[in-house]
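Me: I am new to reading protein models, and I would like to learn how to look at one feature after another. Could you guide me through this one?

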Amino acid sequence: MSSSSKAFQWLSLVAIIWLQSINGTNITFPAYSSQLKNTLSMSQLQINNLVFASDAGKLFGWFSGIAAIYLPLWLVLIIGSLLGLIGYGVQFLFVTNQISSPAYWQIFLLTMVAGNSVCWINTVCYVVCIRNFPFHQQVAVGLTTSYQGLSAKIYTDIVGAAFSSAPHNRAKAYLLLISLLPLLVCIVVAPFLRDIDVGRGEPGDMGGGFKLMFVITIATGIYAVITSLGSTSFGLSPLHNVIGTALFLLIPLVIPTLEKIGEKLSGRWSLEKNNRVHNLSIDDQKGLESIESGVVKEEEEEEHTTVQVHHGIGVREEIGVKLMVKRIDFWLYFLVYFLSATIGLLFLNTMGQIAGSRGSYRTSSLVSLSSSFGFFGRLMPSFLDYFFSRSKYMISRPAFLVALAAPIAGAFFLLLNPANVSLIMSTAIIGVCTGAITCIAVSITTELFGTKNFSINHNVVVANISIGSFVFGYSSALLYRKEGNEDGSCLGTACYRNTFIIWGSLCSLGTVLALMLYARTRKFYSKKS
């Protein structure tokens, strides 16, 4: 199959979907953190520090950005999967006592390495989407990134179907699975992740494929939510859930298959048509010349506008990291992410301890629920962008940040209510909004700071997750220990009450900063639209 064909273009998108669906290895931590805590005799503070360690790997994510510039993408992908194999695989050997009892610093370092592996795979996925779908980069990134929201559910269902349900075995099962499955998938899809010559094709040519992809993706999300809300209510076992999810992940292959069939048929039609065409009339040639001159004039006019266009994407300026960190808009953007999505991610990562302190032990169900709603959150921006981008009611991405940061703040205040329904509702809200912000962030980075240095710039932006994970995670662990018993355990809503008040207040500040970013970039986005 030619690497310049649209069929191969769609096949690369399907490959990224498969990669993203297994790349959320770090968000499975809440599902087995309690068992890991008991198995390795860790304190709550040490567990919180492991959450930071996983996010701290993102501090070195810019290495993957540099690698993507100088190395083949398939090699960057394999390096990322091998880092995950080392990080999680050695921890599995520790937990199963095949290696002598580890020191805490060894577990911390391995968790950091494993967390960094996610950056390498993410970088490849983003770069392929931006290069291979220049006219639909937001849609391609949003569609594929949404599948990362399913990772926790996929791993939870596989563990439930293939491994013992005994609590002390769950940590072993998760560590084994998240060390091996990403490597296997990376090896399978690596040949399909390379640059494709898309030429200057018409963006509308891919409209039908994206519409079908949206239908498939939404159906996948609905299935995930239904099975997350209660498999027993529908008589579905974890094995049935795994089979159903696998089928939904295979369905997107229909699009490159149909595209390839269409290419074959159009090739035959063109051959027959060319046999009947001998020359062009003089008028046709003049018409072509006038069209070409019109295109040249149009391009010359576009050079004088303030919105630059690179690879089909409207960007404000093309700058590297050194200039980016000197921009006020960068720090506003950085802090908005820091005081909204990062706090949301920390909540999702510590959900096991939060649920346990409230007397709820259905942590796996909550993880699956947040994963499923996170799926729709990541999908929502690309869906709105694709179908309503030309509507006068469509808001800009910074305005979208405002609309997403505010509900996260409200969800933390809702958690002050001790009812289980408050925990479920807040988990769903935070899952949706956090997922949407992580997806929007990819487009904001490209639009404000350009595509040329995107792989490095965006890894600098998401480094805020590591900082927030340490600052907010450490402070919440101290507050937890203050409310707990002598043995370090804590039960009741008081364990995280002060933490939720602080997090809700900080997210409210993040909403205000998002308004400031919106005001500063409003002129650019009004010209872009």
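Reply: Let us begin at the end of a helix, remembering throughout that this is a predicted model. Helix 5 is followed by Asn-97, and the phi angle of Asn-97 is positive, near 65°.

Me: What is there to notice about a positive phi, and where in the protein is Asn-97 placed?

Reply: The general idea is that most residues other than glycine have a negative phi. Asn-97 is not a glycine, and yet its phi is positive, about 65°. Asn-97 is placed in the loop between helix 5 and helix 6, the latter covering residues 104–132.

Me: Is Asn-97 buried or exposed?

Reply: A relative accessible area over 50% counts as exposed, and Asn-97, with 63%, is therefore exposed.

Me: How many residues does helix 5 itself have, and what span should I expect from them?

Reply: Helix 5 runs through residues 73–95, which is 23 residues, and at 1.5 Å a residue these should span 33 Å. The C-alpha atoms at its two ends are 33 Å apart, so the expected and the modelled span agree. The check can be repeated on helix 8, residues 151–162, where 12 residues should span 16 Å and the end C-alpha atoms are indeed 16 Å apart.

Me: How many residues of helix 8 are buried?

Reply: Nine of the 12 residues in helix 8 are buried, so this helix is largely enclosed by the rest of the structure. Those buried residues are Ser-151, Ala-152, Lys-153, Ile-154, Tyr-155, Thr-156, Asp-157, Ile-158 and Val-159.

Me: Lys-153 is in that helix; what is its relative accessibility, and which residues does Lys-153 touch?

Reply: Lys-153 counts as buried because its relative accessibility is 3%, under the cut-off of 20%. Not counting residues up to four places away in sequence, Lys-153 touches Ala-224, Thr-227, Ser-228, Asn-241, Ser-368, Ser-371 and Ser-372.

Me: How should I describe two helices that lie against each other?

Reply: Two packed helices are described by the angle between their axes and the distance between the axes. For helix 3 (residues 44–56) and helix 22 (residues 463–483), the axes come within 8 Å and cross at roughly 175°. An angle over 145 degrees counts as roughly antiparallel, and helix 3 and helix 22 are therefore roughly antiparallel to each other.

Me: Which residues meet there, and how do they divide by class?

Reply: From helix 3 the contact includes Gln-44, Leu-45, Val-51 and Phe-52, while among its partners in helix 22 are Ile-465, Phe-470, Tyr-474 and Arg-481. The residues of this contact between helix 3 and helix 22 divide into nine nonpolar, seven polar and two charged.

Me: What are the angle and the axis distance for helix 4 and helix 21?

Reply: Helix 4 (residues 62–70) and helix 21 (residues 454–461) pack at about 175°, and their axes are 8 Å apart. This pair, too, is therefore roughly antiparallel. Trp-62, Ser-64, Gly-65, Ile-66 and Ile-69 of helix 4 make the contact with Ser-455, Ile-456 and Asn-459 of helix 21. By class, the contact of helix 4 with helix 21 has four nonpolar residues, four polar residues and no charged ones.

Me: Which residues show me parts of the chain that are apart in sequence and yet brought together in space?

Reply: Consider Tyr-386, which is placed in helix 18, residues 363–388, and which counts as buried at 19% relative accessibility. Its C-alpha atom is separated by 9.1 Å from that of Lys-211, although the two residues are 175 residues apart along the chain. Leaving aside neighbours within four places in sequence, Tyr-386 is in contact with several residues, including His-136, Val-139 and Lys-211.

A second case is Pro-182, found in helix 9, residues 167–189, and buried at 6% relative accessibility. The C-alpha atoms of Pro-182 and Gly-80, 102 residues apart along the chain, are separated by 9.1 Å. Tyr-155 is one of the residues in contact with Pro-182, and Tyr-155 is also among the buried residues of helix 8.

Me: How many helices and strands does the protein have, and what percentage of its residues count as buried?

Reply: The secondary structure comes to 23 helices and two strands, and 53% of the 529 residues count as buried. Among contacts between residues at least 6 apart in sequence, 84% join residues at least 24 apart.

Terms used: Residues are numbered from 1 along each chain as its sequence is written. This is a predicted model: local features need pLDDT of at least 70, side-chain atom pairs count only at pLDDT 80 or more; totals for chains, interfaces and linings use all residues. Side-chain values use heavy atoms; hydrogens and water are left out. Helices (H or I, at least four residues) and strands (E, at least two) are DSSP runs, numbered from the N terminus. The expected span of a helix is 1.5 Å times one less than its number of residues. Axes are lines fitted to C-alpha atoms, for helices over the stretch in contact, and angles run from 0 to 180 degrees between N-to-C directions. Angles under 35 degrees count as roughly parallel, over 145 as roughly antiparallel, 65 to 115 as roughly perpendicular and the rest as oblique. Contact means heavy atoms within 4.5 Å. Ala, Val, Leu, Ile, Met, Phe, Trp, Tyr, Cys and Pro count as nonpolar, Asp, Glu, Lys and Arg as charged, and the others, Gly among them, as polar. Buried means under 20% relative accessible area, exposed over 50%, partly exposed in between (1.4 Å probe, protein chains only).
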